[in-house]
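Visitor: Could you walk me through this protein and explain how its labels are earned?
Guide: Happy to; let's take a look together.

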Amino acid sequence: MEVESLAREMETAVRVVHLASSLCVKVQEKLRLPSSINGNGNGGHVKSKDDDSPVTVADWGVQAIVSWVLAEVFGTQNLSIVAEEDTDSLSKAESLALLGAVSNAVNEALSEATKYGLTKPDEPLGSDDILKAIGRCNSTGGPKGRHWVLDPVDGTLGFVRGDQYAVALALIEDGKVLLGVLGCPNYPVKKEGLSNGCNQSGAGSVSKGCVMYAKRGSGQAWMQPLLPNGYPESATLLKASTVDDPVLATVCEPVERANSNHLFTAGLANSMGVRKQPMRVYSMVKYAAIACGDAEVFMKFAQSSYKEKIWDHAAGVVIVEEAGGVVTDAGGRKLNFSKGVYLEGLDRGIIACSNTVLHDKIIGAVYASWESSSL
Ligand SMILES: Nc1ncnc2c1ncn2[C@@H]1O[C@H](COP(=O)(O)OS(=O)(=O)O)[C@@H](OP(=O)(O)O)[C@H]1O
Ligand SMILES: [Mg+2]
Ligand SMILES: [Mg+2]
Ligand SMILES: [Mg+2]
């Protein structure tokens with residue numbers, strides 16, 4: 001597959017992530033209103049899934065929008081979308097209000113589609129259209145063919161807490177991630193950085209929100225500002241940090257102890273001479289921080305019974321790699337996106353680094369620390 005032939009896929013993916021991010025911004029604002037404190041006021045709605053993780057109007061709304069736009073642009077015939085959410089709880093009789101809130105959020109966002117260079121529906125989508133769009137994303141991926149991979153809201157916990165989260169869309173073909181797009185609506189972006197790369201030093205005002213994207217093999221990763229009202233004119237090249245001394249490195253990791261072993265990563269960082277406190281941040285924003293030079297390392301060591309899903313990593317991996325970084329499991333092997341929904345065969349954990357020198361040091365430190373750890 002030639003990289004050039006992905007122009008339409010990339011353009012559609014970037015534009016729909018902008019549109020989807022605008023939906024998230026609005027829903028998160030509603031959630032933060034005092035009357036939404038129980039999660040149900042003003043159309044915010046937070047539900048618990050079977051594993052007790054949260055899901056919101058934004059998760060379903062983004063999945064519906066991305067699915068609807070991809071179907072409009074590429075047709076439904078060979079469209080394969082692997083995504084996190086399903087319609088099980090949304091289609092229950094008692095979920096009418098919830099479905100109505102999703103419907104409102106989706107139609108409000110889609111009414112602005114032309115501002116993002118996308119086609120809007122002739123008339124507002126009905127509940128059935130929305131359930132169909134969400135339900136269509138039930139592919140399980142695999143080793144052959146093209147599959148879109150979507151995490152509509154990654155870091156939903158961060159999202160409901162008014163903190164960081166990401167909209168993550170990737171395209172894999174024959175098990176390889178061809179392109180990735182990350183919408184990071186709350187990510188702080190240095191303004192001077194937007195013209196010269198966001199790792200530029202010096203004090204300056206900070207604006208909020210960006211979309212990052214990269215195409216496999218291009219050697220380039222890009223960032224656009226997230227504008228409140230439409231598609232931006234400009235994009236800036238991203239460059240991962242060249243810092244290879246652990247003493248100077250910023251290490252990021254998941255916020256929740258349940259999602260990554262903080263004790264192990266603290267011991268590992270200590271053994272390498274890392275001095276800075278870990279940057280704990282929700283979602284794939286951790287990959288974004290590496291890609292734009294705000295951090296050097298992202299480590300995640302989940303419990304051994306937990307299987308990582310492809311939508312939690314695909315977009316972030318290609319963006320970090322094209323920005324100059326490297327992502328592997330703790331054994332130093334590339335992540336395998338060809339086995340379906342899960343990253344099968346993952347060796348212990350995930351290590352994303354801004355450069356190979358630092359990455360080699362961390363892999364070495366994992367080997368040294370593992371035996372003495374309690375994992
Ligand atoms: N037990 C366990 N261990 C490891 N990972 C898990 C686990 N449970 C869930 N998940 C997945 O973690 C995704 C959120 O990752 P984060 O890095 O944002 O974690 S944290 O909230 O900052 O702790 C989260 O993504 P979202 O559901 O999209 O938010 C999950 O896919
Ligand atoms: Mg996720
Ligand atoms: Mg999610
Ligand atoms: Mg989730």
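Guide: Glu321 is a buried residue, with a relative accessible area of 14%. Keep in mind that this is a predicted model.

Visitor: Why is Glu321 called buried?
Guide: Buried means under 20% relative accessible area. Glu321 has 14%, so it counts as buried. You'll find Glu321 in helix α9, residues 314-322.

Visitor: What makes the link between the side chains of Glu321 and Arg216 a polar contact?
Guide: A polar contact needs a pair of N or O atoms within 3.5 Å, one able to donate a hydrogen and the other to accept it. The contact joining the side chains of Glu321 and Arg216 is 2.8 Å, so the distance fits the cut-off.

Visitor: And Asp88, why is that one called exposed?
Guide: Exposed means over 50%. Asp88 comes in at 55% relative accessibility, so exposed is the right word. Asp88 sits in the loop between β3 (81-83) and α3 (96-110). Asp88 also belongs to a patch of negative charge on the surface, along with Asp50, Asp51, Asp52 and Asp86.

Visitor: What makes that patch negative?
Guide: Asp and Glu count as negative. The patch gathers Asp50, Asp51, Asp52, Asp86 and Asp88, so the charge is negative.

Visitor: How do you know that Glu11 and Arg15 form a salt bridge?
Guide: The rule asks for a side-chain nitrogen of Lys or Arg within 4 Å of a carboxyl oxygen of Asp or Glu. For Glu11 and Arg15, the closest N and O atoms are 3.4 Å apart, so the pair passes. In general, side chains of opposite charge can pair when their charged atoms come close.

Visitor: Where do Glu11 and Arg15 sit relative to each other in helix α1?
Guide: They are separated by about one helical turn, because they are four residues apart in that helix, which covers residues 7-32. Glu11 is partly exposed at 45% relative accessible area, whereas Arg15 is buried at 17%.

Visitor: What makes Lys49 and Glu84 a salt bridge?
Guide: Here the N to O distance is 3.0 Å, and the cut-off is 4 Å, so the pair qualifies. Lys49 lies in the loop between β1 (46-48) and β2 (54-56), while Glu84 is in the loop between β3 and α3, so this bridge ties together parts that are 35 residues apart in sequence. Lys49 has a relative accessible area of 24%, and Glu84 has 25%. Partly exposed is the label between under 20% and over 50%, so it suits both residues.

Visitor: How many salt bridges does the count come to?
Guide: By this rule, 14. Another of them pairs Glu112 with Lys115, where the closest N and O atoms are 3.2 Å apart. Some salt bridges share partners, and they join Arg216, Glu321, Glu322 and Lys334 into one network.

Visitor: Which side chains make polar contacts with the side chain of Arg146?
Guide: The side chain of Glu9 does, at 2.8 Å, and so does the side chain of Glu173, at 3.1 Å. Arg146 is in strand β4, residues 146-154.

Visitor: What about Arg146 itself, why is it partly exposed?
Guide: Its relative accessible area is 28%, which falls between the buried limit of 20% and the exposed limit of 50%, so partly exposed is the label.

Technical notes:
Residues numbered from 1 in each chain as written. Chains lettered and ligands numbered in written order. Predicted model: local features only at pLDDT ≥ 70, side-chain atom pairs only at ≥ 80, totals over all residues. Heavy atoms only, no water. Patch = residues over 30% accessible without salt bridge, like charges linked within 9 Å, V, L, I, M, F, W, Y side chains within 5 Å. Areas by Shrake-Rupley, 256 points an atom, 1.4 Å probe, with all protein chains shown as cover. Charge placed at Lys NZ, Arg CZ, Asp CG, Glu CD. Helix = DSSP H or I, 4+ residues; strand = E, 2+ residues; numbered from the N terminus. Buried < 20%, exposed > 50% of the residue type's maximum accessible area, 1.4 Å probe, protein only.
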